[in-house]
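Hi everyone, thanks for making time. I'll talk you through one fold today, and you can follow along on the screen.

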Amino acid sequence: MKLKKVAISDINDLKNVCVASYSKNYHDHWDGDGLDWYLDREFSIDRLSTDLKDKNIDYYMIEYKLIKVGFIKINNKARSGIKNSIELEKIYLLPEFKGLGIGKLALNEIIIKATKRGINSIFLDVIDTNQNAITFYNKLGFVCQGKTSLELPKFKVELKGMYIMKKELK
C-alpha cells in the first residue's frame, strides 16, 4: 500500500478514483438522480481543483500494487473550534480492495502524519447504520462523541443519521 499526496497534475486520476470508489459503494444511498448530483458536486474537475488549491484540504491517493484503489480527503481546519484537530472528511476504497487491510494501513499513515504535525485529535462523521465502517473506526481507536444528521437532498432519509467519532492522538 502506498499513500501519495495528490497534486493538481493528478486531478484526472483523482476524479476517476473518487467517482468509482464512491459510486460503487454508495449508489444505493440515493433517490432518483441524487448520485449524479452528488458526484458532480463533490468530484467535478472544478470542485477538485478548488479543493486542491485550498491550503486546508489534502487529498491522498491510495495505491495497491500500482493500482489506484481509493482516496482520502483531510480537512486541516480545526473542527468546531477545537484546536489542533483535523477531520477525516472522506476515505473510500473500491469494493474489490476492501478487507485486505489497505484502509487500515492508509489511515494509520494519516494518523502518523497528524501526530508528527502536533495534531491532538481526528474527527469524522459516519452513517450510523454503516456497522462495517463503525467497527473499522473503533478498531483504530475512534470513539463516538455524538450524533448529527447528513443534510443532503435526495440522500435516503433512513440513512441520514450520522455518528461523530473522534480519535485522540498522543
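So, start at Ile 74: its bridge partner is Leu 88, over in E4. Keep in mind that this is a predicted model. That pair belongs to E3 and E4, which run antiparallel to each other and share six bridges. Quick reminder: strands in a sheet pair through backbone hydrogen bonds, and they can do that parallel or antiparallel.

Now zoom out to the whole sheet. It's an open one with seven strands, and the order across it is E1-E2-E3-E4-E5-E7-E6, with mixed pairing. Which strands sit at the edges? Those are E1, residues 2-5, and E6, residues 143-149, and each of them pairs on one side only. If you ignore direction, neighbouring strands are turned against each other by 30° on average.

Packed on that sheet you'll find helix H4, residues 102-116. H4 touches E1, E2, E3 and E4, plus E5 (121-127) and E7 (161-168), and its direction makes about 160° with that of E4.

Okay, over to H1, residues 11-26. Why do I trust its length? With 16 residues at 1.5 Å a residue, H1 should span 22 Å, and its end C-alpha atoms are 22 Å apart, so the two agree.

Quite a few H1 residues are buried, among them Ile 11, Leu 14, Val 17, Cys 18 and Tyr 22. And what covers the buried residues of H1? The cover includes two helices, H2 (34-43) and H3 (45-53), along with strands E2 (57-64), E3 (67-75) and E4 (85-93).

Let's look at the H2 part of that. The axes of H1 and H2 come within 11 Å and cross at roughly 145°, and the crossing is right-handed. On the H1 side, the contact uses Lys 15, Cys 18, Val 19, Tyr 22 and Ser 23; H2 brings Leu 35, Tyr 38, Leu 39 and Phe 43. Look at the spacing in those lists: an α-helix has 3.6 residues a turn, so residues three or four places apart point the same way. By class, this H1 and H2 contact comes out at seven nonpolar residues, one polar and one charged.

Last stop, H2 against H3. Here the angle is about 35°, and the axes are 5 Å apart. H2 puts in Arg 41, Glu 42 and Phe 43, and H3 answers with Ile 45, Arg 47 and Leu 48. That contact splits into three nonpolar and three charged residues, with no polar ones.

That's my tour, happy to take questions.

Definitions and conventions:
Residues numbered from 1 in each chain as written. Predicted model: local features only at pLDDT ≥ 70, side-chain atom pairs only at ≥ 80, totals over all residues. Heavy atoms only, no water. Helix = DSSP H or I, 4+ residues; strand = E, 2+ residues; numbered from the N terminus. Expected span 1.5 Å × (residues − 1). Buried < 20%, exposed > 50% of the residue type's maximum accessible area, 1.4 Å probe, protein only. Contact = heavy atoms within 4.5 Å. Pairing = 2+ DSSP bridges. Axes fitted to C-alpha atoms, helices over the stretch in contact; angles between N-to-C directions. Nonpolar A, V, L, I, M, F, W, Y, C, P; charged D, E, K, R; others polar. Left-handed = near helix turned anticlockwise from the far one by under 90°.
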